[in-house]
Structures are given as structure tokens and as C-alpha cells.
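The exercises that follow ask you to work through ring pairs, helix faces and a nonpolar core. Each task is followed by a solution that goes step by step.

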Amino acid sequence: MKVHHLALWTHHLEEMKDFYCTWFGGECSEKYVNPVKQFESYFIRFVSGASLEIMRRPDITVIEPGEYKGYCHIAFDAGSEERVIALTEALRDAGYTVAGEPRTTGDGYFESVILDIDGNRIELVAG
């Protein structure tokens, strides 16, 4: 088995699409719209083969910042420690929140943590 896709609810559909395509090299599908359910979504595909579905529906109203039970983060392999540092700084300079500075973790990963537009945690890891 392999992971096919993850999905996120958002109120910022277009901005989230642009964020993941611009900063993480995703390729975006055409927007899917179901007018009866007032549902809209995009699939963003990454080189690894995994996809992220971002979705919006007006009756999904609670998006809480911070950490809570459930999925914790998405991790992207930046390829090297230098690339983790460079991408972290580029995202910081673009106004995104750095929630964890580049470092080697206790389990041996070199990583940083960035928050996307909705506050979802993104780990940038080296290999």
C-alpha cells in the first residue's frame, strides 16, 4: 500500500492552492465544484506521487489553530540540510510563520516546521 492523498478543509481555497504549488512544487488539478453541496476542491500532486486535496464547503466552519488530536503535520523532503534552511528562510521572508527553527531532532532528522495559511504544520526534512 501507499498513501494516495491527504485532505484538508480550508476557507482559503485559492490561497492554499497557490501556497502548496508555489512553495512545494505541486501540480494542481482543475477545480472541482459541486454546486448542490456547495463543495469545491483541488488535488495537488507532488513528484513523490502523493497528493493533497484541499477542500472548501461553507458549512464547515470550525478550523482551530494549534495542535489537537488527529493528524499532526505533513512532511516534505527538501533533500538536504542546506535546502531546509534556505526554504525556511524564504518562507519566513514571505511572511509565513516558522514554528520550529531548523535543527536536528532527537530521532536524528534535520527539520524545521512552517505553518501554512490555516496554521497546519509542515515539516521540512533533509532526506
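A residue is called buried under 20% relative accessible area, exposed over 50%, and partly exposed in between. The model used here is predicted.

**Exercise 1.** Classify the aromatic pair of Phe46 and Phe76, and decide for each ring whether the residue is buried or exposed.

Solution. Begin with the geometry: two rings pair if their centres lie within 6.5 Å, and planes over 60 degrees apart count as edge-to-face. The ring centres of Phe46 and Phe76 are 5.1 Å apart and their planes stand at 70 degrees, so the pair is edge-to-face. Next, locate the partners: Phe46 lies in the loop between strand E4 (39–45) and strand E5 (51–56), while Phe76 lies in strand E6 (residues 73–77), so the pair ties together parts that are 30 residues apart in sequence. Finally, compare the accessibilities with the cut-off: Phe46 is buried because its relative accessible area is 13%, and Phe76 counts as buried at 14%.

**Exercise 2.** Place the pair of Trp23 and Tyr96 among the aromatic pairs of the model, and state how exposed its members are.

Solution. The count comes to 10 aromatic pairs. In the pair of Trp23 and Tyr96, the centres are 6.2 Å apart with 80 degrees between the planes, which is an edge-to-face arrangement. The pair links distant parts of the chain, with Trp23 in helix H1 (residues 13–24) and Tyr96 in the loop between helix H2 (81–93) and strand E7 (98–104), 73 residues apart. Trp23 has a relative accessibility of 22% and therefore counts as partly exposed; Tyr96, also at 22%, is partly exposed. Both residues belong to one aromatic cluster, whose members are Phe19, Tyr20, Trp23, Phe24, Phe46, Phe76 and Tyr96.

**Exercise 3.** Determine how the buried residues of H1 and of H2 are arranged around each helix axis.

Solution. Take H1 to begin with: this helix has 12 residues and reaches 16 Å from its first C-alpha to its last, close to the 16 Å expected at 1.5 Å a residue. Its buried residues are Leu13, Met16, Lys17, Phe19, Tyr20 and Phe24. Seen down the axis of H1, these fall within an arc of 160 degrees, so they line one face of the helix. Just after H1, Gly25 takes a positive phi of about 70 degrees.

Now treat H2 in the same manner. In H2, the buried residues are Val84, Leu87, Thr88 and Leu91. They cover an arc of only 105 degrees around the axis, which means that they are on the same side of H2. The face turned away from the buried side of H2 carries the exposed residues Glu82 and Asp93. H1, E7, E8 and E9 are included in what covers the buried residues of H2.

**Exercise 4.** Describe the largest nonpolar core, and list what Leu124 touches.

Solution. The largest nonpolar core has 22 residues, and those with the most contacts inside it are Tyr20, Phe24, Phe76 and Leu124. The elements giving two or more residues to this core are H1, E4, E5, E6, H2, strand E8 (110–115) and strand E9 (121–125), and H1 supplies the largest share, 5 residues. If residues up to four places away in sequence are not counted, Leu124 touches Phe24, Phe76, Val84, Leu87, Thr88, Leu91, Phe110, Glu111, Ser112 and Ile114. As a general background, nonpolar side chains tend to be buried together in soluble globular proteins.

Technical notes
Residues numbered from 1 in each chain as written. Heavy atoms only, no water. Phe/Tyr/Trp six-rings, centres within 6.5 Å; stacked < 30°, edge-to-face > 60°. Helix = DSSP H or I, 4+ residues; strand = E, 2+ residues; numbered from the N terminus. Buried < 20%, exposed > 50% of the residue type's maximum accessible area, 1.4 Å probe, protein only. Core = buried A, V, L, I, M, F, W, Y, C linked by side-chain atoms within 4.5 Å. Contact = heavy atoms within 4.5 Å. Arc of directions from axis to C-beta. Expected span 1.5 Å × (residues − 1).
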